[in-house]
Amino acid sequence: MYSQPVTSPVRKPLTPFRPGVGYAGSVANDNLGAARKAKNDEFYTQFHDIEKEMNAYLEYNPDVFRNKTVLLPCDDPEWSNFTKYFAQNFETLGLKKLVSTSYAPNSKPKELDLHPTLFELESPQYDETKTASNGKIYTLDRDLNGDNIINVDDLEWQYLDGDGDFRSDEITALRDQADIIITNPPFSLFREFLSWIVEADKQFVIIGNMNGITYKEAFPLIQQNRMWLGATNFNTGMYFTVPDGFVYASTYKFERQQNGKAVNRVPGIAWFSNIDHGRRHQPLPLMTKADNIKFSKHKEVKGIGYQSYDNYDAIEVSFTDAIPSDHEGVMGVPITFLDKYSPEQFEIVGTSDNGLVEDFVKKTPGLTQEFVDAYYKDGGKGAYQAGNPTAGLYRFGVAVMVYKRIFIRHRKTTK
Ligand SMILES: C[S@@+](CC[C@H](N)C(=O)[O-])C[C@H]1O[C@@H](n2cnc3c(N)ncnc32)[C@H](O)[C@@H]1O
């Protein structure tokens, strides 16, 4: 299919190979929203973050990628570390085939000011029109240059027929042929991307925002143990490489350079997967309720204990490490709990965020009018109405709303 072999597109990127100068910096104010969105969709994952995460799956199952076709959609293979990682490790992982696709420059926000790389310009298959309007596909499945090893030097590329939109028939057909889908999808399309993978019933490892956990597309998968958090980087924020000319938010106070490249830290980022890893099978060490009241390091728990919600038949546990080991009923915990969630230890029965909760947990059909009235009388802010699924409780007699909770219960309590 690919008559023109190319050499080392990933290992030896040619310059200029990054999205162009003049990126968000030159954007007029009225375009700032679009630029922000564009910039968040153009964050590139660092090699060591990919390696660390993949190692966790390999540690659990050394053959996890063996004889598998891996698809990396939403990539820019010329500078993608996903492509680099899987091409470099093709033989060690025992891959059958690697396919990596990119999105056409014309389909990306125009603020990015993209130009073809020297590598593409010098390739025999370079096409003046297609370079802007078509995506690209890189494949690796054989020793093209006869050096007896399959690696980045054997990658072949051509233009896609379309623009590489993951939702197109062309990329969907590649999805259907793949065994595992791995990428950092555009943040703005996370929900759609997740549904796209799930409808094909594929294995996947993808990056997304933690807030995505309670989306209606995501939460049922988490609850049914059909998707879980990956093994690394949870709750620490992740640094992504950014395009040239990237303009930092005025409030940004983290590192701006790593390994000689401009980076931006994104908080609340996590890997999501349905491939098993060891960490999710490690139970969380916990104290009993009495011991928490005596010894908890949290002033909200020590000497106080746990309150019940007004509208849910559950107790509020504001800190994952304060989950009592001996509570028989349902407990509301912050979403960060999911980083410590072991399906052998706990059962998830819902979330307060959008009403995705099993009926037996509900005391009332949402917040009561009486509670909402008490909340505003006590000086509460925000827009709450009777019937909302938000968890509410009286803390020392004052009505308070509790931010996004996940409801869990022990599979087996320990005294
Ligand atoms: C967050 S970046 C990550 C890139 C790469 N996966 C990485 O981690 O280094 C997402 C990429 O998806 C591209 N993209 C945006 N919308 C897309 C779509 N509808 N279909 C395919 N790719 C898309 C963006 O242009 C961007 O290159």
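**Close-up views of a predicted two-domain model**

**View 1. The shell around the ligand in the predicted model.** The residues of the shell around the ligand divide into 9 nonpolar, 6 polar and 6 charged. This shell is made up of 21 residues, of which Y44, T45, C74, Y103 and N184 come nearest to the ligand.

**View 2. The open sheet and its edge strands.** The sheet is open and contains 8 strands, which follow one another in the order β4-β3-β2-β1-β5-β6-β11-β7 with mixed pairing. Strands β4 (156-159) and β7 (228-229) stand at the edges and have a single partner strand each, so one side of each is left without a neighbour in the sheet. Within the sheet, strand β2 (residues 97-101) is paired with strand β3 (residues 136-140) in the antiparallel sense, over 4 bridges, and T101 stands opposite I137 in β3.

**View 3. Helix α3 against the sheet.** Helix α3 (residues 81-88) lies across β1 (69-72), β2, β3 and β5 (180-183), and runs at about 160° to β1. The helix is mostly covered, with 7 of its 8 residues buried; these are N81, F82, T83, K84, Y85, F86 and A87. The packing partners of the buried residues of α3 include the strands β1, β2, β3 and β5, and also the helices α2 (47-60) and α4 (90-93).

**View 4. The surroundings of G208 in strand β6.** G208 lies in strand β6 (residues 203-209), a member of the open sheet in which β6 stands between β5 and β11 in the strand order. G208 is buried, because 22 other C-beta atoms lie within 10 Å and a residue counts as buried at 20 or more. When residues up to four places away in sequence are not counted, G208 touches F190, A270 and F272. The C-alpha atoms of G208 and L229 are separated by 10.0 Å, although the two residues are 21 residues apart along the chain.

**View 5. Strand β8 and its pairing with β10.** Strand β8 (residues 238-241) is covered on both faces, with M238 and F240 buried on one side and Y239 and T241 buried on the other. Strand β8 runs antiparallel to strand β10 (residues 261-266), to which 4 bridges join it, and Y239 of β8 stands opposite R265 in β10.

**View 6. Two asparagines with positive phi.** N225, which lies in the loop between α9 and β7, has a positive phi of about 55° although it is not a glycine. N259, found in the loop between β9 (257-258) and β10, likewise is not a glycine and has a positive phi of about 50°. N225 counts as partly exposed, with 13 C-beta neighbours inside 10 Å, whereas N259 has 10 C-beta neighbours inside 10 Å and therefore counts as exposed, the cut-off for an exposed residue being 12 or fewer.

**View 7. The contact between domain 1 and domain 2.** The protein is divided into domain 1 (24-280) and domain 2 (282-410), and the centres of the two domains, taken over C-alpha atoms, are separated by 36 Å. At their contact, 14 residues of domain 1 meet 14 residues of domain 2. Helix α9 (residues 219-223) gives the most to the side of domain 1 that touches domain 2, contributing 4 residues. The residues on this side of domain 1 divide into 7 nonpolar, 4 polar and 3 charged.

Terms used. Residues numbered from 1 in each chain as written. Predicted model: local features only at pLDDT ≥ 70, side-chain atom pairs only at ≥ 80, totals over all residues. Pairing = 2+ DSSP bridges. Contact = placed C-beta atoms within 7 Å. Axes fitted to C-alpha atoms, helices over the stretch in contact; angles between N-to-C directions. Near = placed C-beta within 6 Å. Nonpolar A, V, L, I, M, F, W, Y, C, P; charged D, E, K, R; others polar. Domains from an automatic or database assignment.
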